[in-house]
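Here are my notes on the model, as numbered points. Please read them with the structure open.

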Amino acid sequence: LIRNKFQAFLDYGYLDKNDHIWLCYKDTITWYNIRTGTTQHMPKPVDGAISTIEQADGGHFFFGTGSGLFRVRVEGDELKLVADEVVKGIAAPVHELYYHAVSQQLFVGTYKEGILIYDMGGTGKIISCQFPNHVEVNQIVALNAHELLVATGGKGVYKLDVNTYMSEPY
């Protein structure tokens, strides 16, 4: 899987819903298909280290980096940036992403701004939620169909309602 010495330093790894393992390096991404055992190497479509990836559907992904959020689609054996003015507006470092398929909302964990919500299925805009700012969002997972758990670095775990955008300590 490692083609050169620069690939020995992995920035991020991710398993998508299509059974591909994404190995993100400085300049490239290696896809490993766990069903076929094949690998594919492609240039990284964004600058900077990838800190998180989230899959919205079969071929659309979001990449979080130290410089913001990016929307990417898979075209054959290439990754292409998708022009999205709303996503482009998030220029804060992104630490965590969670896509809530039922509501078609992307929850974006940042440090300075807390959690931002990209409401793709409704308003098409970024929504702020009631959540502590200036705390690192380490992980976002589903608690049930309408609530998420958000683990922070230093302020504990919060329960977040995906309909009201209100959070409370869990």
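**Notes on two sheets and three residues**

1. First, a pairing to look at. Strands β6 (residues 60-65) and β7 (residues 68-75) run antiparallel and are joined by six bridges. One bridge sets Gly64 against Leu69 of β7. Keep in mind that this is a predicted model.

2. The pair belongs to an open sheet of four strands, ordered β5-β6-β7-β8. Pairing in this sheet is antiparallel. Which strands sit at the edges? They are β5 (50-55) and β8 (78-81), and each pairs on one side only. On average, neighbouring strands here are turned by 35° against each other, direction ignored.

3. Another open sheet has four strands in the order β9-β10-β11-β12. Its pairing is antiparallel as well. The edges are β9 (94-100) and β12 (126-128). Each has a single partner strand, so one side of each lacks a neighbour in the sheet. The average turn between neighbouring strands of this sheet is 25°, direction ignored.

4. Within that sheet, look at β10 (residues 105-110) and β11 (residues 115-119). These strands run antiparallel, with five bridges between them. Gln105 has Asp119 of β11 opposite.

5. Next, Asn33. This residue lies in strand β3 (residues 28-33). Is Asn33 buried or exposed? Asn33 is buried, because its relative accessible area of 15% falls under the 20% cut-off. Its side chain reaches the backbone nitrogen of Thr36 at 3.1 Å. Setting aside neighbours within four places in sequence, Asn33 is in contact with Asp19, His20 and Thr38. For a distance check, take Gly114: the C-alpha atoms of Asn33 and Gly114 are separated by 34 Å, and the two residues are 81 apart along the chain.

6. Asp19, one of those contacts of Asn33, deserves a backbone check. Most residues other than glycine have a negative phi. Asp19 is not a glycine, yet its phi is positive, about 65°. Where does Asp19 lie? Asp19 is in the loop between β1 (12-15) and β2 (20-24). Its relative accessible area is 25%, so Asp19 counts as partly exposed.

7. Tyr165 also calls for a look at the backbone. Its phi is positive, near 65°, and Tyr165 is a residue other than glycine. The loop between β15 (157-161) and β16 (167-169) holds Tyr165. Tyr165 is buried, with a relative accessible area of 15%.

Methods
Residues are numbered from 1 along each chain as its sequence is written. This is a predicted model: local features need pLDDT of at least 70, side-chain atom pairs count only at pLDDT 80 or more; totals for chains, interfaces and linings use all residues. Side-chain values use heavy atoms; hydrogens and water are left out. Two strands pair if DSSP finds at least two bridges between them. Axes are lines fitted to C-alpha atoms, for helices over the stretch in contact, and angles run from 0 to 180 degrees between N-to-C directions. Buried means under 20% relative accessible area, exposed over 50%, partly exposed in between (1.4 Å probe, protein chains only). Contact means heavy atoms within 4.5 Å. A polar contact is a pair of N or O atoms within 3.5 Å; within protein, one must be able to donate a hydrogen and the other to accept it, and residues adjacent in sequence count only if both atoms are side-chain atoms.
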